[in-house]
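Please open the model in the viewer and keep the sequence at hand. The tour below proceeds by selection, with a short account of what is to be found at each stop.

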Amino acid sequence: MKILVVDDEALLVKGTRFNLQSEGYEVITGCNGLEAVRLVQEQQPDLVVLDVMMPEMDGLTACSKIREFSDVPIIMLTAKSNDMDKLMGFDHGADDYLTKPFNILELKARIRALLRRSHAGKQQEQFSNTLTIGSITLDLDARNAYRAGVLADLTAKEFDVIEFLMRNPNRVYSREALLDTIWTYEYRSDIRTVDVHIRRLREKLEENSAEPKYIMTKWGVGYYFKK
């Protein structure tokens, strides 16, 4: 298991890394919120320990940005014990909260608990016939699509298109390739069919169809689903 520890207190980071490594964890470290966001993207840790008060970018902002692309478990560290501060941490996407100075044994216990919970959730996802990327989820059995948990009314062909793109994220497909893969031969002469379906999918599944986050265009090439 890989754990990311981010704090601007060098001695705290050093001690925490040593104690977690002694438990068999792989530990990577950072010293500010900007590094936290970058390291989660690049290293894909199994859990993040994130301080609140840091330079460059504070931990709450970093937590919110991480939540835009990852559901990695996050434990927030803070010198404040006020309940309102804890609520702010949870509102920004934290899973747990620990007040400084903390007992390393308590941190280890909370890490184990969150990792067990996360592992159990991933196992359950493996047995459910759904496909989720970001805020978009497909129920493959019922052939329903959801944006942020809200049912989107897709046609059968629209569902075929989004399922194909989500099963092959970050891979660009030309209009011709999509026609050959998804449509029957009588539509292959009308390349605009693909454009119309992509536009409708953006209207139904993107938060802002004019600035899509998932259903993307590679100009001069085709379309892809961004993961």
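**Stop 1: Glu206**

Select Glu206, which is found in the loop between helix 8 (192–205) and strand 10 (215–218). The model is a predicted one. Glu206 is buried yet has no salt bridge; Arg202, the nearest side chain of opposite charge, is 5.5 Å away. Which backbone atoms does the side chain of Glu206 reach? One is the backbone nitrogen of Ile215, at 2.7 Å. Another is the backbone nitrogen of Tyr214, which lies 2.8 Å from a polar atom of the Glu206 side chain. Beyond its neighbours within four places in sequence, Glu206 is in contact with several residues, among them Arg147, Leu201 and Pro212.

**Stop 2: the sheet behind Arg147**

Select Arg147 next; this residue of strand 8 is the bridge partner of Ile136. Extend the selection to strand 7 (residues 136–139) and strand 8 (residues 144–147), which run antiparallel and are joined by 4 bridges. Then display the open sheet of 4 strands, whose order is 6-7-8-9 with antiparallel pairing. Strand 6 (130–133) and strand 9 (150–152) stand at the edges with a single partner strand each, so one side of each has no neighbour in the sheet. On average, neighbouring strands of this sheet are turned by 25° against each other, direction ignored.

Add helix 6 (residues 156–167), which packs on the sheet and touches strand 6, strand 7 and strand 8. The direction of helix 6 makes about 115° with that of strand 7. Helix 8 also packs on the sheet, touching strand 7, strand 8 and strand 9; its direction makes about 55° with that of strand 8.

**Stop 3: a pair within helix 8**

Remain on helix 8 and select Arg199 and Glu203, which lie 4 residues apart, about one turn of the helix. They form a salt bridge, with the closest N and O atoms 3.3 Å apart. Arg199 is partly exposed at 43% relative accessibility, and Glu203 is partly exposed at 47%.

**Stop 4: Lys100 and its partners**

Finally, select Lys100, which is buried with a relative accessible area of 14%. Its side chain meets that of Asp7 in a salt bridge (2.8 Å, N to O). The two residues are 93 residues apart, and Asp7 is buried at 2%. Lys100 also forms a salt bridge with Asp51 (3.2 Å, N to O). Asp51 lies in strand 3 (residues 47–51) and Lys100 in the loop between strand 5 and helix 5, so this pair ties together parts 49 residues apart in sequence. Add Glu9 to the selection to display the network of salt bridges that links Asp7, Glu9, Asp51 and Lys100.

Terms used
Residues numbered from 1 in each chain as written. Predicted model: local features only at pLDDT ≥ 70, side-chain atom pairs only at ≥ 80, totals over all residues. Heavy atoms only, no water. Buried < 20%, exposed > 50% of the residue type's maximum accessible area, 1.4 Å probe, protein only. Lys, Arg positive; Asp, Glu negative; His and termini not counted. Salt bridge = Lys/Arg side-chain N within 4 Å of Asp/Glu carboxyl O. Polar contact = N/O pair within 3.5 Å; in protein donor to acceptor, adjacent residues only side chain to side chain. Contact = heavy atoms within 4.5 Å. Pairing = 2+ DSSP bridges. Axes fitted to C-alpha atoms, helices over the stretch in contact; angles between N-to-C directions.
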